[in-house]
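Q: Got a minute to go through this one with me? I'd like to talk helix packing first, then empty space.

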Amino acid sequence: MVFTLAIDGPAAAGKGTISKAVAAHFGYAHLDTGLLYRAVGQRMLAGEEPIEAARSLAAEDLEHPDLRTVEAAQAASKVAVIPEVRAALLDFQRTFAQRMGGAVLDGRDIGTVICPNADVKLYVTASDEARAGRRHKELQERGRDISFETVLAELQERDARDSARSEAPLKPADDAVLLDTSDLSIDEAVARAVAEIEKKTHA
Ligand code: CDP
């Protein structure tokens, strides 16, 4: 069975957590597409030309220990503006979406560009403060000494760049279900997502 679930939304809205939980619940495979852009960004930070880096991206690039840093996130959103970088990553994402047994992809343009025919599309949002609070906690737990204000500014800068770019900008697909997680616990957000998928699969 091919079943594709597209989860998009701004930085740190809860896409990753929801995607992982939903994939585990239904036994689907999960692809965090942000990691692809972070890996290209990381190679750019190491001095490589981003288009070449995207074209030669390898599995081990996704294992780089620094991909979850604020610096890698910023670099990701800079390389993500380049149409040739996006084009180089397209086939891998589409092939993943078509694998048997179901696939969840989370990112910015999954419902709009990568998988416009996805079976279910969710657009996950939360207030800037909620998102920055969660990311701040995450970074602190990983030992990063960084202020809430710095994290908030980083997310806002990235969202602005992601929304303003001409190629595959961040925006909800017309047929996406909006899920605002500002006041939801992880369990509640996951339960909403599961309910949306069940609606589709039992329809
Ligand atoms: O985890 P967080 O939501 O902060 O970011 P991410 O999903 O890892 O994505 C990092 C950056 O990659 C984003 O700010 C986007 O610029 C870019 N990205 C994209 O352009 N398209 C995607 N499908 C996924 C990520």
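Q: Which hand does the crossing of α2 and α5 have?
A: The α2/α5 crossing is right-handed. Bear in mind that this is a predicted model.

Q: OK, and at what angle do α2 and α5 pack?
A: About 140 degrees, and the axes of the two helices lie 11 Å apart. Angles over 145 degrees would count as roughly antiparallel and 65 to 115 as roughly perpendicular, so α2 is oblique to α5.

Q: Which residues meet there?
A: From α2 you have Thr 33, Leu 36, Tyr 37 and Val 40. On the α5 side they meet Val 85, Arg 86, Leu 89, Phe 92 and Gln 93.

Q: How does that contact split by class?
A: The residues where α2 touches α5 come out as 6 nonpolar, 2 polar and 1 charged.

Q: Switching to empty space: how many cavities of 30 Å³ or more turn up in the whole structure?
A: The search finds 1. The volume of the largest cavity is about 60 Å³.

Q: What lines the largest cavity?
A: Arg 38, Arg 68, Thr 69, Val 70, Ala 73, Arg 135, Leu 139, Val 151, Glu 154 and Arg 158. By class, that lining has 5 charged, 4 nonpolar and 1 polar.

Q: And which helix gives the most to it?
A: α8, with 3 residues. α4, α7 and α8 each put at least two residues into that cavity's lining.

Q: Now pockets. What volume does the largest one have?
A: About 940 Å³ for the largest pocket. Its lining has 42 residues, and those closest to the pocket centre are Ala 12, Lys 15, Gly 16, Arg 135 and Glu 138.

Q: Hm, Arg 135 again. Where else did that one come up?
A: Arg 135 is also among the residues that line the largest cavity.

Q: Which elements supply at least two residues each to the pocket lining?
A: Among the helices, α1 (15–26), α2 (33–45), α4 (70–79), α7 (128–141), α8 (148–164) and α9 (186–201) do. Strands β2 (29–32) and β3 (103–107) do as well.

Q: Which of them gives the most?
A: That's α7, with 7 residues in the lining of the largest pocket.

Q: Last thing: how many charged residues line that pocket?
A: The lining of the largest pocket has 19 charged residues, along with 12 nonpolar and 11 polar.

Technical notes. Residues are numbered from 1 along each chain as its sequence is written. This is a predicted model: local features need pLDDT of at least 70, side-chain atom pairs count only at pLDDT 80 or more; totals for chains, interfaces and linings use all residues. Side-chain values use heavy atoms; hydrogens and water are left out. On a 1 Å grid over the protein atoms alone, a cavity is a set of points where a 1.4 Å probe fits but cannot get out, and a pocket is an open set with protein on both sides within 12 Å along at least five of seven lines; lining residues have an atom within 4 Å of a point. Grid points are joined across faces, edges and corners, and a volume is the space filled by probe spheres set on the points. Helices (H or I, at least four residues) and strands (E, at least two) are DSSP runs, numbered from the N terminus. Ala, Val, Leu, Ile, Met, Phe, Trp, Tyr, Cys and Pro count as nonpolar, Asp, Glu, Lys and Arg as charged, and the others, Gly among them, as polar. Axes are lines fitted to C-alpha atoms, for helices over the stretch in contact, and angles run from 0 to 180 degrees between N-to-C directions. Angles under 35 degrees count as roughly parallel, over 145 as roughly antiparallel, 65 to 115 as roughly perpendicular and the rest as oblique. A crossing is left-handed if the near helix is turned anticlockwise from the far one by less than a right angle, and right-handed if clockwise. Contact means heavy atoms within 4.5 Å.
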